[in-house]
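The following exercises are to be worked with the sequence and the coordinates at hand. Each task is followed by a solution in steps.

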Amino acid sequence: MLTSALAGFSLSIALIVAIGAQNAFVLRQGLRREHLVPVVLTCAVSDALLIGVGIAGVGSVVTGRPDLLTTIRWGGAVFLLGYAALAARRALRPGALTPAERPPARLGATLLACLAFTYLNPHVYLDTVLLLGGIAQQHPHRWLFGLGAAAASVVWFTALGAGAYRLAPLLARARVWQVLDGVIAVVMVVVAAALLLG
């Protein structure tokens, strides 16, 4: 039983640590100290939900619908390119990046962006529903495997957000925000290109 949970945790943490749109968003929220707990909870609960859907066998239904996968892929790419453009614009205007000069974003808008980064990203479905859900079927205790995978998500997003939160006083400089937004813009473009070319 413990072996299945540890296997789920290990595989999930290996998948989630890769830099992507969702991680970049959580990092930015942590650095800005804005709505961090709701963002971390939204990411962790969403991952747990998608892992559960995969373990329940819905992954096989999704793979049987290539038109649905294509729609998700294109929609995700458009969203990521739009966010890349916004990040690039912020990077070109470093004066607007100082947290003290920017009004805090509303919780609703922040959570909507968080949900978009989660559910419009086809890689999330590949990692959680298809890969983790499929591998869980090979374990004698598949739901414990899923519990371990979901726990990895909680640990990672909490560590990422809290780590950024603690470094925020050291990183409260416009130049750092400029570099961060530039990196985020590049990451978004790369992920979107991978979706469109994949």
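**Exercise 1. Determine which residues of helix 3 are buried, and test the length of the helix in this predicted model.**

Solution. Step 1: apply the cut-off, under 20% relative accessible area, to each residue. In helix 3 this selects Leu36, Val39, Val40, Thr42, Cys43, Ala44, Ser46, Asp47, Leu50, Ile51, Gly54 and Ile55.

Step 2: recall the geometry of the element. An α-helix has 3.6 residues a turn, so residues three or four places apart point the same way.

Step 3: compute the expected span, which is 1.5 Å times one less than the number of residues. For the 20 residues of helix 3 this gives 28 Å, and the end C-alpha atoms are 29 Å apart, which agrees.

Step 4: inspect the flanks. Just after helix 3, Gly57 has a positive phi of about 100°. His35, in the loop between helix 2 and helix 3, also has a positive phi, of about 50°, although it is not a glycine. With a relative accessible area of 24%, His35 counts as partly exposed.

**Exercise 2. Repeat the length test for helix 8 and identify the helices against which its buried residues pack.**

Solution. Step 1: helix 8 covers residues 142-167, and its 26 residues should span 38 Å; the end C-alpha atoms are 38 Å apart, in agreement.

Step 2: list the residues under the burial cut-off. They are Phe145, Gly146, Gly148, Ala149, Ala150, Ala152, Ser153, Trp156, Phe157, Leu160, Gly161 and Ala164.

Step 3: follow their contacts. The buried residues of helix 8 pack against helix 1 (2-16), helix 2 (21-32), helix 3 (36-55) and helix 7 (122-136).

Step 4: examine a loop residue that reaches helix 8. Val17 lies in the loop between helix 1 and helix 2, and its relative accessibility of 38% makes it partly exposed. Leaving aside residues up to four places away in sequence, Val17 touches Asn23 and Trp156. The C-alpha atoms of Val17 and Trp156 are 7.4 Å apart, although 139 residues separate them along the chain.

**Exercise 3. Describe the nonpolar cores: which residues have the most contacts inside the largest one, and which helices supply it?**

Solution. Step 1: begin with the general expectation. In soluble globular proteins, nonpolar side chains tend to be buried together.

Step 2: take the largest core, which has 29 residues; Leu80, Phe117, Phe157, Ile184 and Met188 have the most contacts inside it.

Step 3: assign the core to elements. Helix 2, helix 3, helix 5 (66-92), helix 6 (107-119), helix 8 and helix 9 (174-197) each supply at least two residues. Helix 9 gives the largest share, eight residues.

Step 4: expand one of the central entries. Beyond four places in sequence, Met188 touches Ala21, Ala24, Leu80, Tyr83, Ala84 and Phe117.

Step 5: check for further cores. A second, separate core has six residues, including Ile51, Ile55, Leu132 and Ala149.

**Exercise 4. Find the aromatic pairs and classify their geometry.**

Solution. Step 1: a search of the whole structure returns one aromatic pair.

Step 2: the ring centres of Phe25 and Phe117 are 5.0 Å apart and the planes meet at 35°, so the pair is tilted. The angle falls between the limits of 30 degrees for stacked and 60 for edge-to-face.

Step 3: locate the partners. Phe25 is in helix 2 and Phe117 in helix 6, 92 residues apart, and the pair thus links distant parts of the chain. Both Phe25 and Phe117 are buried.

**Exercise 5. Judge how far the model can be relied upon along the chain, and summarise the fold.**

Solution. Step 1: the mean pLDDT of the chain is 80, and 85% of residues reach 70 or more.

Step 2: compare elements. Helix 3 has the highest mean pLDDT, 93, and helix 4 (residues 58-63) the lowest, 62.

Step 3: look for weak segments. Over residues 96-100 pLDDT stays under 50, and the model has 10 contacts beyond four places in sequence for them. Where pLDDT is low, the predicted coordinates should not be read in detail.

Step 4: summarise. The chain has nine helices and zero strands, and 39% of its 198 residues count as buried. Among contacts between residues at least 6 apart in sequence, 87% join residues at least 24 apart.

How values were computed:
Residues are numbered from 1 along each chain as its sequence is written. Side-chain values use heavy atoms; hydrogens and water are left out. Helices (H or I, at least four residues) and strands (E, at least two) are DSSP runs, numbered from the N terminus. Buried means under 20% relative accessible area, exposed over 50%, partly exposed in between (1.4 Å probe, protein chains only). Contact means heavy atoms within 4.5 Å. pLDDT is the predictor's confidence in each residue, from 0 to 100. A nonpolar core is a set of buried Ala, Val, Leu, Ile, Met, Phe, Trp, Tyr and Cys residues joined through side-chain atoms within 4.5 Å. Rings of Phe, Tyr and Trp (its six-membered ring) pair if their centres lie within 6.5 Å; planes under 30 degrees apart count as stacked, over 60 as edge-to-face and the rest as tilted.
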